[in-house]
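Subject: Structure handover

Dear colleague,

I am passing on to you the structure that we spoke of, with its sequence. Please look through it first, and then read the notes that come after it.

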Amino acid sequence: MGNTNSSLAKTIRERRSIKSGYLDKEVTEETVLELLDDAIWAPNHGLREPWRFIFVPANEKDGFVEDLVKTFSPDMQENRRNYFSQPAAFLIVVMKEDPRQKQWEENFGAVSSLIQNFQLLAWERKLGVVWKTNPHIHEPKVRDLLGVEPGEKIAGFLHMGYFDKVPPGRGRTSAAEKFTVYKK
């Protein structure tokens, strides 16, 4: 049944994606950098560190949202404006792509591990994070807006905000139900 006595196991089990209900509290650049300085200790093959980050703080959010909304079709702009106005701040995670499949997959695994580290560390501070991979991460106009270069991929937008209410969690299938032992 897992080690529920461990504080790390407890954090892993209790963390939720906070998608709304953010408090009116600023997510500071200093806080994000502190969290990232620990999150970057994610395993990454060859210590390639295949990531970089674009932070959108509260004082830039409204302008960013307006620029981002313009990348959508006119019939979607109001919907997207409401959607992107909810988080207190954004952290966009950009991954170095590699034309070699093995290295590309290793890089994506490393970036995914970093994002999970960031989410867990943020949770400990009651900073909610949800990792979004909506279609706009592939949109050339969004890439241009963010200065994403050829050979880079937007791994996701992290929507962030402080919270005081935790949404209910959903259970997980036990590992034993998805576990086999190799036998010759």
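What follows is an account of what was found, from the overall layout to the sheet and then to one pocket.

Please keep in mind that this is a predicted model. The mean pLDDT of the protein is 92, and 98% of its residues reach 70 or more. Confidence is lowest in helix H1 (residues 7–14), where the mean is 84, whereas it is highest in E1, at 98. As a general caution, predicted coordinates should not be read in detail where pLDDT is low.

The protein holds 6 helices and 4 strands, and from the N terminus on these elements follow the order α-α-β-α-α-β-α-β-α-β. Its C-alpha trace spans about 60 × 45 × 35 Å along the principal axes.

The 4 strands come together in an open sheet, in which the order is E1-E2-E4-E3 and the pairing is antiparallel. Strand E1 (51–56) and strand E3 (127–132) stand at the edges and have a single partner strand each, so one side of each is left without a neighbour in the sheet. From one strand to the next, the twist averages 25 degrees. Between strand E2 (residues 89–96) and strand E4 (residues 152–162), which run antiparallel, there are 8 bridges; isoleucine 92, for its part, has phenylalanine 157 in E4 as its bridge partner. Helix H2 (residues 29–39) packs on this sheet and touches E1, E2, E3 and E4, and the direction of the helix makes about 160 degrees with that of E1.

Turning to the empty space, the second largest pocket has a volume of about 260 Å³. Its lining is made up of Arg15, Arg16, Ser17, Lys19, Pro167, Pro168, Gly169, Arg170 and Arg172. Sorted by class, this lining of the second largest pocket comprises 5 charged residues, together with 2 polar and 2 nonpolar ones.

With kind regards

Conventions: Residues are numbered from 1 along each chain as its sequence is written. This is a predicted model: local features need pLDDT of at least 70, side-chain atom pairs count only at pLDDT 80 or more; totals for chains, interfaces and linings use all residues. Side-chain values use heavy atoms; hydrogens and water are left out. On a 1 Å grid over the protein atoms alone, a cavity is a set of points where a 1.4 Å probe fits but cannot get out, and a pocket is an open set with protein on both sides within 12 Å along at least five of seven lines; lining residues have an atom within 4 Å of a point. Grid points are joined across faces, edges and corners, and a volume is the space filled by probe spheres set on the points. Ala, Val, Leu, Ile, Met, Phe, Trp, Tyr, Cys and Pro count as nonpolar, Asp, Glu, Lys and Arg as charged, and the others, Gly among them, as polar. Two strands pair if DSSP finds at least two bridges between them. Helices (H or I, at least four residues) and strands (E, at least two) are DSSP runs, numbered from the N terminus. Axes are lines fitted to C-alpha atoms, for helices over the stretch in contact, and angles run from 0 to 180 degrees between N-to-C directions. Contact means heavy atoms within 4.5 Å. pLDDT is the predictor's confidence in each residue, from 0 to 100.
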